[in-house]
Amino acid sequence: MDALERFKQTILAEYPRLAENDTFRFACRPGVPCFNACCADVNIFLTPYDILRLKNRLGLTSDEFLQKYTLVPIEEHQQYPVILLKMQDNEAKTCHFVTEKGCSVYEDRPWACRYYPLGLASPREGEGGNEEFFFLLHEEVCRGFEEQDEWTVARWREDQGVTPYDEFGRLFKDLTLHSYFRAQKQLDAGRMELFHMACYDLDTFRRFIRESTFLQRFDLEPGQEERIMADDEELLRFGFRWLLFALFGDKTIKVKPSALRG
Ligand code: SF4
Ligand code: SF4
């Protein structure tokens, strides 16, 4: 079991479960005694949509962003690739994006920074229910819980602008909670690469579609080629659907009859 899976099991077994109308007290703003303290030496797993937003914010290609700002941890029983935000190589291990005034990529900050102090758990069947639930994360360094502002879960999520993050989060979970992974299977090296490219390295995925025999093999909807060539969000939605086909054989994308005849 990898570190991420171990943490998930602890949450499922021990953390109190919150619903949309449950309340908590919290505030994070300049002036709290711990301001910026959480933006160092922290493990932040990046979702595909986090990478899309950050690389566009910074004007980088996905490949440049991945090389400069991320790590790819590899564990023995890992089922699919995950991406970690790389911290700076200084004593405090500060995030590359933190400044005295706070987060310099605030409008495009990752899902985990946006949701904190909330987390969202999605149990698989047989893991203590299969309903998603929210929980409170309380980092030791965080004094935001001493503030008196009261939130419901729903109001916090609205305030933090999570809607597009949630949409893409659901699509990502169609992959990561697929029955293939629920059966504890791992991807082989080739399929790990496909997952990595279509989820995390969108500009390479777009080039792969354009320059390989992809468009001769798959039957796209009218106008879809133009949309995925022009729009990263369309490309990511398409990538999730294509991966369900390419990794697990789900009928999410049509193969051209000429490709079937081979
Ligand atoms: S991305 Fe922004 S909010 Fe997240 S750790 Fe870095 S500086 Fe802090
Ligand atoms: S430690 Fe908590 S209150 Fe302090 S800056 Fe980070 S999130 Fe905000």
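In what order do the 3 strands of the open sheet lie?

## The open sheet

In this predicted model, the strands of the open sheet follow the order 2-4-3, and their pairing is antiparallel. Strand 2 (45–46) and strand 3 (70–71) form the edges, each pairing on one side only.

Strand 2 is joined to strand 4 (residues 83–85) by 2 bridges, and these two strands run antiparallel. Across this pairing, Phe45 stands opposite Leu84 of strand 4.

## Helix 6

Helix 6 comprises 14 residues (residues 163–176). At 1.5 Å a residue it should span 20 Å, and the end C-alpha atoms are indeed 20 Å apart, so the expected and computed values agree.

The buried residues of helix 6 are Tyr165, Phe168, Gly169 and Leu175. Because these residues cover an arc of only 115° around the axis, they lie on the same side of helix 6. An α-helix has 3.6 residues a turn, so residues three or four places apart point the same way. The buried residues of helix 6 pack against helix 2 (48–57), helix 4 (111–115) and helix 12 (232–248). On the face turned away from the buried side, helix 6 carries the exposed residues Thr163 and Arg170.

## The surroundings of ligand 2

Which residues surround ligand 2? The shell consists of Cys28, Val32, Cys34, Phe35, Asn36, Ala37, Cys38, Tyr116, Val141, Cys142, Arg143 and Gly144. By class, the shell around ligand 2 holds 9 nonpolar, 2 polar and 1 charged residues.

Conventions:
Residues numbered from 1 in each chain as written. Chains lettered and ligands numbered in written order. Predicted model: local features only at pLDDT ≥ 70, side-chain atom pairs only at ≥ 80, totals over all residues. Near = placed C-beta within 6 Å. Nonpolar A, V, L, I, M, F, W, Y, C, P; charged D, E, K, R; others polar. Pairing = 2+ DSSP bridges. Helix = DSSP H or I, 4+ residues; strand = E, 2+ residues; numbered from the N terminus. Expected span 1.5 Å × (residues − 1). Buried ≥ 20, exposed ≤ 12 C-beta atoms within 10 Å, placed from the backbone. Arc of directions from axis to C-beta. Contact = placed C-beta atoms within 7 Å.
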